[in-house]
Amino acid sequence: MDTECVTVTSFVLEQKKKYPGASGELTILLNALLTAIKACAAAVRKAGIAKLYGLAGSSNTTGDDQKKLDVLANELFINMLKSSYTVYAMASEENENLIEVEVPKQGKYVICFDPLDGSSNIDCLVTIGSIFGIWKKPENAKTPLECILQSGENVRCAGYAVYGSACMLVLATKDGVNGFTLDPSIGEFILTAPNMQMPQLGAKGSQRIYSINEGYARNWDKATTEYVHAKKFPEGKDKPFANRYVGSMVADVHRTLLYGGVFMYPATKEAKDGKIRLLYESIPMSYVVEKAGGASSNGQHSILKIQPEKIHQRSPIFLGYKEEIEKIEKLYEKYPNGT
Ligand code: P6P
């Protein structure tokens with residue numbers, strides 16, 4: 001047992017020293033979030049025993065069948081965050097409308113989250129995760145919705161929890177990206193991946209991976225079609241990229257962060273904005289990847305520059321190696337209307 005291990009709490013308190021005026025509310029918020037994440041990790045681990053698999057018999061705001069674990073995870077996030085006295089309002093993938101915190105419990109932060117992303121993979125034990133983005137409540141905001149609809153440029157911190165062979169929290173702030181692995185024996189997240197940086201394409205250990213659901217190839221626009229083709233049939237002596245696609249965004253993005261590559265969920269002829277939700281999936285994941293030295297795009301520019309207009313708004317998303325994202329954006333310049 002490492003008696004000098006760094007936990008998320010001690011890490012955040014250390015970071016807080018750089019900001020003398022900091023109130024410590026963010027530390028409290030993150031601790032509440034960690035409690036919800038630990039409870040989700042425990043529920044995911046024992047779902048088969050606790051009969052938490054299967055559908056909850058309801059569907060969420062965007063029509064996805066809600067799994068029992070989805071509902072449990074959502075309630076854990078909402079309740080832990082409300083009782084932290086640090087949150088003013090929140091938005092969840094599982095709730096159609098924003099969630100206002102009762103006045104006596106209101107704090108100065110806003111949080112948007114997908115409590116259990118990839119839940120269609122739960123029953124077959126594929127890696128799933130929780131995704132979150134945290135903003136400060138703007139002083140001049142006139143309505144709670146205005147507090148929620150903030151772009152990625154105002155993110156205070158963002159990250160995700162991976163419920164895989166281990167449970168890991170990846171936390172991005174303006175100072176960088178750090179990974180914490182849950183030690184179930186003490187119930188603490190321990191700093192195991194300080195200052196995470198995406199590998200540079202071609203650097204030792206970097207992998208040539210493209211991650212996309214090839215089943216939709218018939219509906220891709222010309223830019224995506226041409227890009228994926230170039231990965232599979234590269235010109236000259238370049239080696240092809242391998243295809244890896246879990247179908248669980250947290251798993252696919254975490255692999256991209258660690259091994260390198262490009263994750264794509266583009267627009268299709270049937271879904272002009274793709275599938276991935278901007279506020280609580282694309283923005284947090286883009287913030288993490290960009291802070292780790294990668295790039296994000298909706299085909300035109302960084303995801304973080306998009307001004308959200310609706311809570312459950314979707315956006316096409318490309319994440320990963322900078323030079324690959326640049327190639328994709330050049331193709332969208334070449335085919336501006338996708339055709
Ligand atoms: P498809 C999971 O439902 C999710 O929202 C993301 O986690 C994942 O990247 C995507 O959908 C997978 O969608 O259409 O490829 O099955």
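D221 is buried, meaning under 20% relative accessible area with a 1.4 Å probe on protein chains only, yet D221 has no salt bridge. A salt bridge here is a side-chain nitrogen of Lys or Arg within 4 Å of a carboxyl oxygen of Asp or Glu. The nearest side chain of opposite charge, K269, is 8.5 Å away; Lys and Arg count as positive, Asp and Glu as negative, and His and the chain ends are not counted.

This is a predicted model, with local features requiring pLDDT of at least 70 and side-chain atom pairs pLDDT 80 or more, while totals for chains, interfaces and linings use all residues. Residues are numbered from 1 along each chain as its sequence is written, and side-chain values use heavy atoms, without hydrogens and water.

What does the side chain of D221 join in a polar contact of 2.8 Å? The side chain of Y332. A polar contact is a pair of N or O atoms within 3.5 Å, one able to donate a hydrogen and the other to accept it within protein; residues adjacent in sequence count only if both atoms are side-chain atoms. The backbone nitrogen of T224 also lies 2.9 Å from a polar atom of the D221 side chain.

D221 sits in the loop between β11 (209–211) and α5 (222–232). Helices (H or I, at least four residues) and strands (E, at least two) are DSSP runs numbered from the N terminus.

On to β3, residues 87–92. 6 of its 6 residues are buried, so β3 is largely enclosed by the rest of the structure. β3 pairs with β5 (109–117) in the parallel sense over 5 bridges; pairing requires at least two DSSP bridges. A89 has V110 as its bridge partner in β5.

Notes. Buried < 20%, exposed > 50% of the residue type's maximum accessible area, 1.4 Å probe, protein only.
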